[in-house]
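User: I have a structure open and have never looked at it before. Can you take me through it?
Analyst: Here it is.

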Amino acid sequence: MIHSTIVLAWKFWLSLTLKLKKHVYNTEAKQMKTFIEKMPKAELHVHLEGTLEPEHIFALAQRNGIDLEYKTPQDVIDAYDFVDLPSFLKIYYAAMNVLREERDFYELAYQYFEKVAAENVIYVEPFFDPQAHTSRGVEFSTIIDGIHRAQIDAETNLGVKSNLIMCFLRDLSEASAIEHLDMCLPYLDRIIGVGLDSDEKDNPPSKFSEVFRRAREHGLKLTMHCDVNQKDIGEHMWECLNDIRVDRIDHGVNSLEDDAMCDEIVKRGIGLTVCPVSNRFVVQSLTANEIRSMLQKGMKATVNSDDPAYFRAYMNENFIALQEEGDFTKEEILQLSRNAFEVAWVDEPQRQVFLQALDSYAADAA
Ligand code: ADE
Ligand code: ZN
């Protein structure tokens, strides 16, 4: 009798402790989520074409008289079956065929700005891929006018500032990249830098050394994708650093395999724009351990969404997924946000304004 009473009391105490632990855990998770959602953030790695939502694909197809092979936006999402970079890119390029007119590009960019404004993103450096549109007969001016108008409206109406980065597609020729650099020259005041994206396999940075040299001469900043676990990634990263002399690297997670490379990246203060949820789709890992290692080494790692409409995660969802997986502290989360403002391509007074906004947020939240 005494024995069974003790067992019952023990079981009761155990379940109470477990419930309490669960409650504390849920409360902490909720607090961390709110902390991330309200934190001022900058996004430095997002492809505007990668923000094309399925509902928008449908609306544009209808307006522009384009037949789609899908019946509903959900059918589009169901077709998102990415296992690696090429399988993602195939769907990404096919969908953007609905973008034709200036207002299509305006809507694309403005809808993205609206989404991130609601997530307390206050600064963005979005990419666009002009070659993916001019190759379909869309004028360069149509693309850049639409995006630029959205940038102005986003700053005025939503308080989101932005600077645009023009990307070259690395699976096309350097001659085509040069042609597009020439096209952007009349719009140099609308572009902050150039990047390199698309399929990295057998398309090394050195293939584009001339166009990047010319871009630098025109005063543009330089960045390049070094996607995770790509063939020859170590060589590609050294070419970025030593031949192209980039200002930033997109992704760059594989740098952790080479101590000398990490040292060089730290020494030069080069930012790494990591995209956790994108990585989970393309290389089946959120790279949480890698991001923590970067922070520990003093590398300027940042969190970004890459192609949020496809990976179904904008900035907050990326931060929250990362925090949950890696149990990141508030200090680490703040450091990731601070890194983005520190490596952003803005002038020093503007950088200080952003950093002060983050510092006062941290002080209030402490
Ligand atoms: N273009 C759009 N998204 C990309 C990615 N994640 N990697 C390379 N090129 C891209
Ligand atoms: Zn990218």
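Analyst: First, a term for later: axes are lines fitted to C-alpha atoms, for helices over the stretch in contact, and angles run from 0 to 180 degrees between N-to-C directions. This is a predicted model, where local features need pLDDT of at least 70 and side-chain atom pairs count only at pLDDT 80 or more, while totals for chains, interfaces and linings use all residues. Residues are numbered from 1 along each chain as its sequence is written, and chains are lettered from A and ligands numbered from 1 in the order in which they are written.

User: How many helices and strands does the chain come to?
Analyst: The chain has 17 helices and nine strands. Helices (H or I, at least four residues) and strands (E, at least two) are DSSP runs, numbered from the N terminus.

User: And what does the C-alpha trace span along its principal axes?
Analyst: About 90 × 50 × 40 Å.

User: What share of the residues is buried?
Analyst: Buried residues are 43% of the 366 in the chain. A residue is buried if 20 or more other C-beta atoms lie within 10 Å of its own, exposed if 12 or fewer, and partly exposed in between, with C-beta atoms placed from the backbone.

User: Which residues of α10 are buried?
Analyst: In α10, residues 233–244, they are His236, Met237, Glu239, Cys240, Leu241 and Ile244.

User: What do they pack against?
Analyst: Those buried residues pack against α9 (209–217), β6 (221–226), β7 (248–251) and α11 (259–268). Contact is counted when the C-beta atoms of two residues, placed from the backbone, lie within 7 Å.

User: How does β6 pair with β7?
Analyst: β6 and β7 run parallel, joined by four bridges; strands pair if DSSP finds at least two bridges between them. From β6 the chain crosses through α10 to β7, a right-handed β-α-β crossover. Right-handed means that, with the strands pointing away from the viewer, the path from the first strand over the helix to the second runs clockwise.

User: Anything on β5?
Analyst: Strand β5 (residues 191–197) pairs with β6 in the parallel sense over two bridges.

User: Different topic: how do α16 and α17 cross?
Analyst: The axes of α16 (residues 330–343) and α17 (residues 348–365) come within 9 Å and cross at roughly 170°. The two helices are therefore roughly antiparallel to each other. Angles under 35 degrees count as roughly parallel, over 145 as roughly antiparallel, 65 to 115 as roughly perpendicular and the rest as oblique.

User: Which residues meet there?
Analyst: Leu334, Ser337, Arg338 and Phe341 in α16 meet Arg351, Phe354, Leu355, Leu358 and Ala362 in α17.
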